[in-house]
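Work through these exercises with the model open. Try each task before you read its solution.

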Amino acid sequence: MDTSSKATSDVTSIDEGYRKTEEKLEEMLGTLNEGYKWVVISPRCFQYKGFWLPEIYIKGSMMIDDHFKPRPSDIIVASNPKCGTTWLKALTFAIVNRNSYFDFQNHPLLTSNPHDFVPFLELFILQEAGSIESLPSPRLLSAHLAFSSFPTSMRCRFVYICRDPKDALVSMWYYVNKLRPEHLPPLSLEVTFDLFSKGLSLFGPFWDHVLGYWKASLESPNKVLFLKYEDMKREPSVYVRKLAEFLDLPFSAEEEDEGIVDKIVKLCSFENLSNLDVNKNNVKEKKRGFPAPLRNSDFFRKGLVGDWFNHLTPEMVKVLDQITEEKFRGTGLNFN
Ligand code: PAP
């Protein structure tokens with residue numbers, strides 16, 4: 001058989017499959033609860049499989065269900081938004097590719113944003129039929145989708161990062177306001193807090209998202225690695241080693257002697273990445289499939305633990321801590 005006609009027919013059948021999924025989406029959207037105006041990031045937000053998703057991510061999630069062929073070697077960097085995704089993408093990329101990019105003076109992370117190397121699966125799958133299939137293994141992908149949103153047959157590894165919801169909320173508030181169209185007034189912290197605490201956040205309820213990955217990490221520790229932003233800030237090298245071990249790529253004695261762990265920690269640190277020209281880029285671009293135009297600088301703000309203290313009222317803190325207490329009670333998880 002002529003291989004070019006086989007390739008064309010493969011793409012045609014993928015396109016056909018994608019069209020069917022799109023038709024299904026159109027039918028289904030009318031049946032879902034439409035959500036609040038976080039949505040300035042994305043015109044419409046719906047509750048899908050228990051979580052609030054911009055329409056484009058629902059489409060991505062359905063495409064994953066219908067068309068994604070997971071490989072056991074796939075690595076998925078997963079998170080609630082604003083919990084350290086950019087950082088974990090950088091660390092994972094640096095660890096996995098350390099044999100190809102061992103020159104830390106000329107590392108690709110010095111000239112590109114970490115999101116360029118670890119695309120969001122939900123968005124990437126929408127871009128070009130078949131392009132995910134052509135990626136070499138191990139594929140480094142990412143997701144904001146909840147663990148339960150993935151097909152149960154999904155055989156791959158997840159590295160999940162979570163963060164104190166109070167810091168995630170403050171970070172999200174700044175981020176949403178950066179992305180808000182100019183004709184709209186800024187979104188107040190009060191409204192953002194109110195929605196967030198009711199579970200109406202992007203990919204929220206925040207706590208259910210965290211618990212889904214937490215429970216999965218307890219049930220399948222070889223499949224899901226659960227990390228906390230706060231722990232990683234405190235002892236980054238400990239968690240870089242943990243991450244490498246989880247990925248079956250532990251550091252050799254020789255690498256330890258060469259100080260590779262510290263080099264990776266330094267390369268991916270907030271101080272280093274946020275001060276690079278590429279990440280100070282202030283040009284708003286619609287790229288990587290993101291629903292709104294973004295600047296690389298939008299992914300970096302303060303990179304601190306506990307900045308909530310400078311923003312939230314004692315009442316807000318009480319409400320959020322109480323929800324966390326109640327939701328996490330008996331699970332072994334906390335942010336103390
Ligand atoms: P995303 O979900 O849109 O990808 P994500 O990277 O998860 O965003 O979160 C951004 C937060 O991580 C920001 O936190 P802040 O608003 O409290 O400052 C950002 O500053 C922080 N961040 C980005 N890169 C790093 C890094 N290398 N180390 C630590 N924190 C980082």
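## Exercise 1: the two sides of a helix

The face of helix 11 turned away from its buried side carries the exposed residues D262 and K266. This is a predicted model: local features need pLDDT of at least 70, side-chain atom pairs count only at pLDDT 80 or more, and totals for chains, interfaces and linings use all residues. Residues are numbered from 1 along each chain as its sequence is written, and side-chain values use heavy atoms, with hydrogens and water left out.

**Task.** Which residues of helix 11 are buried, and what covers them?

**Solution.**
1. Fix the terms. Buried means under 20% relative accessible area, exposed over 50%, and partly exposed in between (1.4 Å probe, protein chains only). Helices (H or I, at least four residues) and strands (E, at least two) are DSSP runs, numbered from the N terminus.
2. Helix 11 spans residues 260-267; I260, V261, I264, V265 and L267 are its buried residues.
3. Viewed down the axis of helix 11, they fall within an arc of 165°, so they line one face. The arc is that of the directions from the helix axis to the C-beta atoms.
4. The cover includes helix 3 (85-96), helix 9 (236-246), helix 10 (253-258) and helix 12 (270-274). Contact means heavy atoms within 4.5 Å.

## Exercise 2: a helix pair

**Task.** At what angle do helix 7 and helix 13 pack, and how far apart are their axes?

**Solution.**
1. Helix 7 (residues 206-219) and helix 13 (residues 314-328) pack at about 35°, their axes 11 Å apart. Axes are lines fitted to C-alpha atoms, for helices over the stretch in contact; angles run from 0 to 180 degrees between N-to-C directions.
2. Helix 7 contributes W207, D208, V210 and L211 to the contact; helix 13 contributes L320, I323, T324, K327 and F328.

## Exercise 3: the open sheet

**Task.** What is the strand order of the open sheet, and which strands stand at its edges?

**Solution.**
1. Four strands run in the order 4-3-5-6, with parallel pairing. Two strands pair if DSSP finds at least two bridges between them.
2. Strand 4 (140-143) and strand 6 (224-228) stand at the edges, each with a single partner strand, so one side of each has no neighbour in the sheet.
3. From one strand to the next, the twist averages 20°.
4. Strand 3 (residues 75-79) is joined to strand 4 by four bridges. Here A78 stands opposite A143 of strand 4.
5. Now add the helices. Helix 7 lies across strand 3, strand 5 (157-162) and strand 6, at about 130° to strand 6. Helix 9 lies across strand 5 and strand 6, at about 170° to strand 6.
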